[in-house]
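Please open the structure in the viewer and keep the selection panel at hand. The tour below proceeds from the whole chain to its sheet and then to the helices packed on that sheet.

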Amino acid sequence: MENQAPENTTDCPHCGKPAELCVCEGIAAIDNKVFVLILQHPQEQDRSLATARLTTLHFKNARLAIGLSWPSLTKIFGRPVDPQRWAVLYLGSTKGADLAPDRDMVLVDRKGAALGDQKRVLREIEGIILLDGTWSQAKALWWRNAWMLKCRRVVLSPRQPSRYGRVRREPRRDALSTIEAAAMLVARLEDRPEVETTLTASFERMLARYRDVKRSHPALVRR
Ligand SMILES: [Zn+2]
């Protein structure tokens, strides 16, 4: 079976990946309170390493929207949503580690300075928004959706770099994959460290698959 033709593969309907790269089986969706909204740039095409769909499979309350711009959060959900109770993860030019060296998640104001009343605001967060794509695609999403300025803004400064490692080089040490970022945010906001453990394990399974497939069926992961 070693040289099985790659065209024989069928994509998984859940994660959208070729069957060889799918790690969906056995995922039990977490009953999260903080909603996870992923906005994906339409040109995010790195299908084999993408994690947005996998992330939404892990949560009961999650949605993936693909596009460049939306008029508001309310339009996305079709019901009134208070942007003040939503936090968008966007690093921009801030460095979370400099803002609060003792914390790996910090809320910042429009100028990128740490908010004073972190605890109170964090308690009120109903949902998080993640921008999925390359660094410049995320930047484009940020600038094309002015309503995000009405949301809270959160930055992460993870203690360890993304598990993507050398597979996909991130431009910054504090840039994480979508699944890692969602895991960290939900785990911190709901005070459920096990959420991070579960999603990280899933991501590591995906990366292990990727490395195996890259060796055995390089055409499947060629970009
Ligand atoms: Zn799958």
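Begin with the surface display: the chain exposes about 11800 Å², of which carbon and sulfur atoms supply 49%. Accessible areas come from the Shrake-Rupley method with a 1.4 Å probe, and for residues only the protein chains shown count as cover. This is a predicted model, in which local features need pLDDT of at least 70 and side-chain atom pairs count only at pLDDT 80 or more, while totals for chains, interfaces and linings use all residues. Residues are numbered from 1 along each chain as its sequence is written, and side-chain values use heavy atoms, with hydrogens and water left out.

Next, switch to the cartoon. The chain holds eight helices and six strands (DSSP runs, H or I of at least four residues for helices and E of at least two for strands, numbered from the N terminus).

Select the strands. They form an open sheet of six in the order 2-1-5-3-6-4, with mixed pairing (two strands pair if DSSP finds at least two bridges between them). Strand 2 (62-66) and strand 4 (105-108) stand at the edges with a single partner strand each, so one side of each has no neighbour in the sheet.

Now select residues 86-89 and 127-132: these are strand 3 and strand 5, which run parallel and are joined by three bridges. Alanine 87 stands opposite isoleucine 128 in strand 5.

Finally, add residues 135-144, helix 5, which packs on the sheet and touches strand 1 (35-40), strand 3, strand 5 and strand 6 (152-156) (contact means heavy atoms within 4.5 Å). Helix 6, residues 178-189, also packs on the sheet, touching strands including strand 4.

Technical notes. Axes are lines fitted to C-alpha atoms, for helices over the stretch in contact, and angles run from 0 to 180 degrees between N-to-C directions.
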